[in-house]
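Please walk through this structure with me, starting with how its chains relate to each other and then turning to one strand and its neighbours.

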There are 2 protein chains.
Amino acid sequence: MTAAIAPADRLFSFVAGSAGQWRIDAMRCVAGEVLACAPMLSIIAGQTAEPPAASAWLLRGITSNERYVLREEKVALVSKQEGLGRARSSRAALIPIRKNAAWWALAHDECRAIFENQSAHIAIGMKFLPAIARRLHHCRDLGTGEPFDFLTWFEYAPGTRLRSKTWSSCCAHLRNGLTLSAKSTSASAGHCHETPTENMKGSPWNS
Amino acid sequence: MTAAIAPADRLFSFVAGSAGQWRIDAMRCVAGEVLACAPMLSIIAGQTAEPPAASAWLLRGITSNERYVLREEKVALVSKQEGLGRARSSRAALIPIRKNAAWWALAHDECRAIFENQSAHIAIGMKFLPAIARRLHHCRDLGTGEPFDFLTWFEYAPGTRLRSKTWSSCCAHLRNGLTLSAKSTSASAGHCHETPTENMKGSPWNS
């Protein structure tokens, strides 16, 4: 029997401001509303009613069940992936994404086709395991009027290399992916708005 | 382009107490925690911070994108279904459901197989359209520690008959379904806990 995780333990707030565990080295907005610049980022687990004083912004998200992954893919991912908080993972990236109303009106087979064939989410993700650890947070159904639909958090070691490529060159590759992208800095925050037809375009960062 | 619906417009609270638009005629608990008895039910759209004074319970849910339905099925459902609030729909049922941790750990193909083959959600649902109008609310990812994962609300006219069967006899049929069930009363509230292996058992009401 799998143990249930309480909702409060699945909820995380990302708070940008003058203090935090992560230093923000770069921010890049591909599309949509620009997040205010800030020097530091905190990740707060559990309920956060209000942003701490003097924060630039607060983004909330909740981890949830997987919506697209098949059993075979899940087994393959779980066998390779590692968790957040590894001692060497001193680099991170936060990718907030908002999908448009046309995406949310798609049927499941249409979403899955984009996810699998066009964005190649799982195939690309597998290449980066276990070097990159990842946690996906859902925001759209929190009911709090969050500005984004998803927040994806990536952690990795400085100088992370994937086969013959550096993480930086992988970013160039990921420019054609959906969300996976990062810069080899202490923490990066970027965001983009996606549409079903535009999701092959634009990574949050240039390589 | 499909218009986006603001989160606050997708959020609903079901409040049981001494006042409300709906009279509760029957409550039945199949499994799990019993909801306190109350004479009336209110449905409040939008954010509801706290339950109104003297309320017996408050359950929150948010409408969201469909998680399992394929395009072909969606087209078929949309072509037959009608909305809530029809003048003749003076009967309703509320079915709160909680799924167990094993369900939430399933991969998407496993959920879909149960949804399609075992529970026959869409095939059963189609039989009852347009007589029964339905709205599904998600609770699990609200982050508010809701006691259920889904709230399904059904509305129909008194004496609703489906082909040669009465709604009551359909309930007997639905005893083997996942969520669809109701009693021909002004409003009914029942709830059950489901598991992947048990979801063929137990409808919230006897026929």
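By what turn and what shift along the axis can chain A be laid on chain B? In this predicted model, a turn of 180° with a shift of 0.0 Å along the axis lays chain A on chain B, and the RMSD is 0.0 Å. This is the relation of a two-fold axis. In general, two copies of a chain are related by a rotation about an axis and a shift along it.

Which residue of chain A comes closest to the rotation axis? Leu142(A) does, with its C-alpha at 2.1 Å. The interface fits this picture: 100% of the interface residues of chain A are also interface residues in chain B, so the copies meet through the same surface.

Now to a strand within chain B. Strand β8 of chain B spans residues 150-156 and is mostly covered, with seven of its seven residues buried. Side chains in a regular strand alternate between the two faces of the sheet. From β8(B), Phe150(B), Thr152(B), Phe154(B) and Tyr156(B) point one way, while Leu151(B), Trp153(B) and Glu155(B) point the other way. Both sets are buried.

Which strands pair with β8(B)? One is strand β6 of chain B, residues 91-99, which pairs with β8(B) in the antiparallel sense over seven bridges. Within this pairing, Leu94(B) has Trp153(B) of β8(B) as its bridge partner. Strand β7 of chain B, residues 133-138, also pairs with β8(B) in the antiparallel sense, over six bridges. Here Ala133(B) stands opposite Glu155(B) of β8(B). Trp153(B) and Glu155(B), named in these two pairings, point the same way from β8(B) and are buried.

Technical notes. Residues are numbered from 1 along each chain as its sequence is written. Chains are lettered from A and ligands numbered from 1 in the order in which they are written. This is a predicted model: local features need pLDDT of at least 70, side-chain atom pairs count only at pLDDT 80 or more; totals for chains, interfaces and linings use all residues. Side-chain values use heavy atoms; hydrogens and water are left out. Buried means under 20% relative accessible area, exposed over 50%, partly exposed in between (1.4 Å probe, protein chains only). Helices (H or I, at least four residues) and strands (E, at least two) are DSSP runs, numbered from the N terminus. Two strands pair if DSSP finds at least two bridges between them. Copies are superposed by least squares on the C-alpha atoms of residues with pLDDT of at least 70 in both. Contact means heavy atoms within 4.5 Å.
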